[in-house]
Amino acid sequence: MTDDSDDNGDPVATRDLDDPRRDDVRRAAAAAADGDLVVYPTETVYGLGGDALDPDAVERVFALKGRDRENPLSLGVASVDAALRYTRPTEFAVGFARAFLPGPVTVVVERDDAVPDALTAGSERVGIRVPDHPIARDLLDAAGPLTATSANVSGTGSVTRPDDLGDRIREGVAAVVDAGETPGAESTVVDPERGTIHRRGAMAGAIEAWLDDPPVRR
């Protein structure tokens, strides 16, 4: 990468990564560009990534996980500003997103036409995920939007260490970016425009407090 800052003006993560990890990120970004799937770390668990704007890649994620196609996937991006290229949130939702992202929060907003039906199960809304993890954000900055879903077969436990990846997942991906063990907490899924928390997880209390007394106008 040649740019020294991301969409929020923060230093890009590769400046802080050792050479092997930079190479891992580059390989994973190239694999995703070729339509393959990759495993990458987040501040919660390891994620399974495919090009979130490519319906075929999204379908491969569903197939590898054995996930119900009616259960939508989230859109992983490197920053809130990057998310705005693919979504149509209200100013209120943008204010919420800037308050909690990057972080272990999935923010549900209206999608743009660039986001395929396959990702959202036909819904006009999509969950946005900006991981608070330098390697994840560096990969997303290099690869563009990836699916943000746990790197496990549906119905099995989430993975916090690459050594614990199931054989099916490991054999079905082209690259694994190893950053050691991750904390394991689930993200909170929230639709700020509707004031709805779909799943309680990390930072749920702070999110409820923000929604109860928002510092920005609805």
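The questions and answers below concern a predicted model.

Q: In what order do the strands of the open sheet of 9 strands lie?
A: Strands of a sheet pair through backbone hydrogen bonds, either parallel or antiparallel. In this open sheet the pairing is mixed. The order of the strands is β7-β1-β2-β6-β3-β5-β4-β8-β9.

Q: Which are the edge strands?
A: An edge strand here pairs on one side only. That holds for the strand at 175-176 and for the strand at 196-199. The edge strands are β7 and β9.

Q: Which residue of β2 is the bridge partner of Y40?
A: Strand β1 covers residues 38-40 and strand β2 covers residues 47-49. The two run antiparallel and are joined by 3 bridges. In β2, the partner of Y40 is G47.

Q: How are the rings of F96 and W210 arranged, stacked or edge-to-face?
A: A pair of aromatic rings is described by the distance of the centres and the angle of the planes. A search of the whole structure gives 4 aromatic pairs. For F96 and W210 the centres are 5.1 Å apart and the planes stand at 85 degrees, so the arrangement is edge-to-face.

Q: How many residues apart in sequence are the parts that the pair of F96 and W210 ties together?
A: F96 belongs to helix α4 (residues 91-100), and W210 belongs to helix α8 (residues 204-212). Both F96 and W210 are buried. Because the two rings sit in these two helices, the pair ties together parts whose separation in sequence is 114 residues.

Q: What is the angle between the ring planes of F100 and W210?
A: This pair also links distant parts of the chain, with F100 in helix α4 and W210 in helix α8, 110 residues apart. The ring centres are 6.4 Å apart. The pair is edge-to-face because the planes stand at 75 degrees.

Q: Is F100 buried or exposed?
A: Buried means under 20% relative accessible area. F100 has 7% relative accessibility, so F100 counts as buried.

Q: Which residues form one aromatic cluster with W210?
A: W210 is itself buried, with a relative accessible area of 10%. The other members of the cluster are F92, F96 and F100.

Q: Which residues have the most contacts inside the largest nonpolar core?
A: In soluble globular proteins, nonpolar side chains tend to be buried together. The largest nonpolar core in this model has 56 residues. Leaving aside neighbours within four places in sequence, F96 is in contact with residues including V105, V190, I207 and L211. Those with the most contacts inside the core are L75 and F96.

Q: How many residues of α4 are buried?
A: The buried residues of α4 are F92, A93, V94, G95, F96, A97 and F100. What covers them includes α3, β4, β8 and α8. Of the 10 residues of α4, the number buried is 7.

Definitions and conventions. Residues numbered from 1 in each chain as written. Predicted model: local features only at pLDDT ≥ 70, side-chain atom pairs only at ≥ 80, totals over all residues. Heavy atoms only, no water. Pairing = 2+ DSSP bridges. Helix = DSSP H or I, 4+ residues; strand = E, 2+ residues; numbered from the N terminus. Phe/Tyr/Trp six-rings, centres within 6.5 Å; stacked < 30°, edge-to-face > 60°. Buried < 20%, exposed > 50% of the residue type's maximum accessible area, 1.4 Å probe, protein only. Core = buried A, V, L, I, M, F, W, Y, C linked by side-chain atoms within 4.5 Å. Contact = heavy atoms within 4.5 Å.
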